[in-house]
Amino acid sequence: MSALPELSPASRRSARGRSRPARSRALGTLAAALALATTGLTGAAGAAPAEGTRATALREVMFVGNNWDGTADVIRSSGDFARIGRVNVIPDRDQRLTEIYLNPVKLAFFLGIRLGPGEGHDQFVDDMYSTPDGSAVVVSRPSFADVVSIDLASGRINWRFPVSGFRSDHMAVSPDGTRVAVSASTSNTVHVLDIRTGAQLGSFATGDKPHENLFTDGGRQIWNMSIGEVNTALDAPWLDWTKGDRHITVVDAATLAPVKVIDMRDRLDAFGRSDLSDAVRPAVFTPDGSKLYFQVSFFNGVVEYDVATDRITRIATLPKNPATSEDRTTWVNDSRHHGLSVNPAGDRLCVAGTMDDYATVVDRATLREGPLVPAAKPYWATVSGDGKSCVISESGADQVTAIDFATGLKTVSVPVGDHPQRVRLGHVPADWAGPAAR
């Protein structure tokens with residue numbers, strides 16, 4: 001087991017208390033969006049252009065959602081991961097805030113999000129994907145309880161879909177880039193939208209507090225993971241029953257009819273780990289779809305689930321940071337570890353050890369961790385464009401960091417905006433040179 005250098009609480013850089021971007025800054029970042037006329041994100045960039053249009057050569061990049069800023073930074077997808085632009089994803093902020101402050105119920109939930117999952121801040125961008133033609137980016141905005149399509153040439157809103165309830169969360173895009181699934185976390189619903197028009201194609205019910213969504217089997221199924229209530233102080237193991245109904249909901253992606261429900265409580269108990277929560281957090285399938293790896297609330301480790309046999313086969317417990325408090329109520333949204341990716345070869349996992357302030361590459365054959373890379377509240381993990389690196393978002397340091405899958409060592413960190421969370425691969429035109437002059 002690798003040793004983690006003790007990280008004092010003082011070493012964690014907090015983003016709390018920072019001022020909101022000024023209007024002049026928002027206008028400046030909007031100028032960056034004007035250059036993104038054909039931006040595409042994972043799953044959509046490979047789609048054919050509309051009939052009658054000429055295909056545009058694309059440059060692969062990464063989009064980093066800065067949740068407290070309401071911006072998305074555009075960085076290179078490999079190499080030095082240098083930042084090359086920024087997109088404003090809340091151009092309608094004043095209008096949305098006016099509506100919220102005039103509605104007492106909406107205001108109550110808005111402030112609840114700020115005081116709860118927002119850690120004292122508003123949540124302006126959770127997830128994002130582009131349209132197949134790269135003309136717009138679709139963003140879920142938790143504090144505004146909606147999904148919007150933003151025209152990347154003009155920066156204007158193409159369409160807006162208010163989700164049921166009062167908060168939007170994780171999304172997933174279909175492999176062909178035409179549909180986007182978004183969790184409406186307070187109504188226990190997943191909406192499936194036409195990514196071009198914003199029209200709802202259907203919806204399905206989930207467990208309490210739907211979270212992660214994954215299209216599987218070539219887009220034939222959608223898996224949704226519900227995590228239950230994560231904003232109470234009732235975090236002791238014997239109070240786990242207060243967290244609600246948590247399970248995986250699997251639906252047919254074409255009809256949205258239920259296929260099966262997987263309650264990991266039974267599977268964890270059968271494996272002898274009744275002490276673990278059954279709230280499935282970030283999850284990834286192996287490239288062949290045979291195994292699902294996932295994190296659960298309050299746990300510093302990874303669970304392996306065999307899809308064919310419907311059982312948990314292995315559990316890896318990863319190191320704890322000695323500087324991390326064992327008081328569960330201090331862990332953000334019940335997440336001890338939150339962020340997981342798998343490399344293209346399927347032999348390495350990358351784990352974001354959120355509250356333990358590190359990330360590590362895990363050998364999938366042995367489930368043993370490599371070097372522990374110190375990181376400030378890493379909140380997500382994804383794979384670089386060339387497949388060689390794991391890229392984590394350090395929400396406590398306002399940067400993204402690349403870790404080499406082969407060596408497990410950090411290669412570079414790049415500054416981004418306030419509280420980065422989701423990171424997605426995407427594209428811009430090959431001749432795009434950066435944001436428009438300010």
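Select strand β10 (residues 179–184) together with strand β11 (residues 189–194) in this predicted model, and you will find two strands that run antiparallel and are joined by 6 bridges. To see one of these pairings residue by residue, pick Arg179, whose bridge partner in β11 is Asp194.

Now widen the selection to the whole sheet, an open one of 4 strands, which is ordered β9-β10-β11-β12 and paired in antiparallel fashion. At its edges stand β9 (168–173) and β12 (200–205), and because each has a single partner strand, one side of each is left without a neighbour in the sheet. If you look from one strand of this sheet to its neighbour, the turn between them is 20° on average, with direction ignored.

Next, move along the chain to helix α4 (residues 264–271), where Met264, Arg265, Arg267 and Leu268 are buried. Turn the view until you look down the axis of α4: its buried residues fall within an arc of 165°, so they line one face of the helix. In an α-helix, residues three or four places apart point the same way, because there are 3.6 residues a turn. With the buried residues of α4 still selected, display the strands against which they pack, namely β15 (248–252), β16 (258–262), β17 (280–285), β18 (291–296), β19 (301–306) and β20 (311–317).

Both ends of this helix deserve a look. At the start of α4, a side-chain oxygen of Asp263 comes within 2.9 Å of the backbone nitrogen of Arg265, while just after the helix Gly272 adopts a positive phi of about 90°.

Then select Asn343, which sits in the loop between β21 (340–342) and β22 (348–353). Is Asn343 buried or exposed? Its relative accessible area is 7%, which falls under the 20% cut-off, and Asn343 is therefore buried. Leaving aside residues up to four places away in sequence, Asn343 touches Pro287, Arg348, Val383, Gly387 and Phe405. With Arg348 there is a polar approach to inspect, since a polar atom of the Asn343 side chain lies 2.9 Å from the backbone nitrogen of Arg348.

Finally, zoom out to the whole chain, whose secondary structure comes to 4 helices and 30 strands. Of its 438 residues, 58% are buried, and the chain exposes about 16,700 Å², of which carbon and sulfur atoms supply 54%. Among the contacts in the chain with a separation of 6 or more, 53% are between residues 24 or more positions apart.

Notes. Residues numbered from 1 in each chain as written. Predicted model: local features only at pLDDT ≥ 70, side-chain atom pairs only at ≥ 80, totals over all residues. Heavy atoms only, no water. Buried < 20%, exposed > 50% of the residue type's maximum accessible area, 1.4 Å probe, protein only. Polar contact = N/O pair within 3.5 Å; in protein donor to acceptor, adjacent residues only side chain to side chain. Contact = heavy atoms within 4.5 Å. Pairing = 2+ DSSP bridges. Axes fitted to C-alpha atoms, helices over the stretch in contact; angles between N-to-C directions. Areas by Shrake-Rupley, 256 points an atom, 1.4 Å probe, with all protein chains shown as cover. Arc of directions from axis to C-beta.
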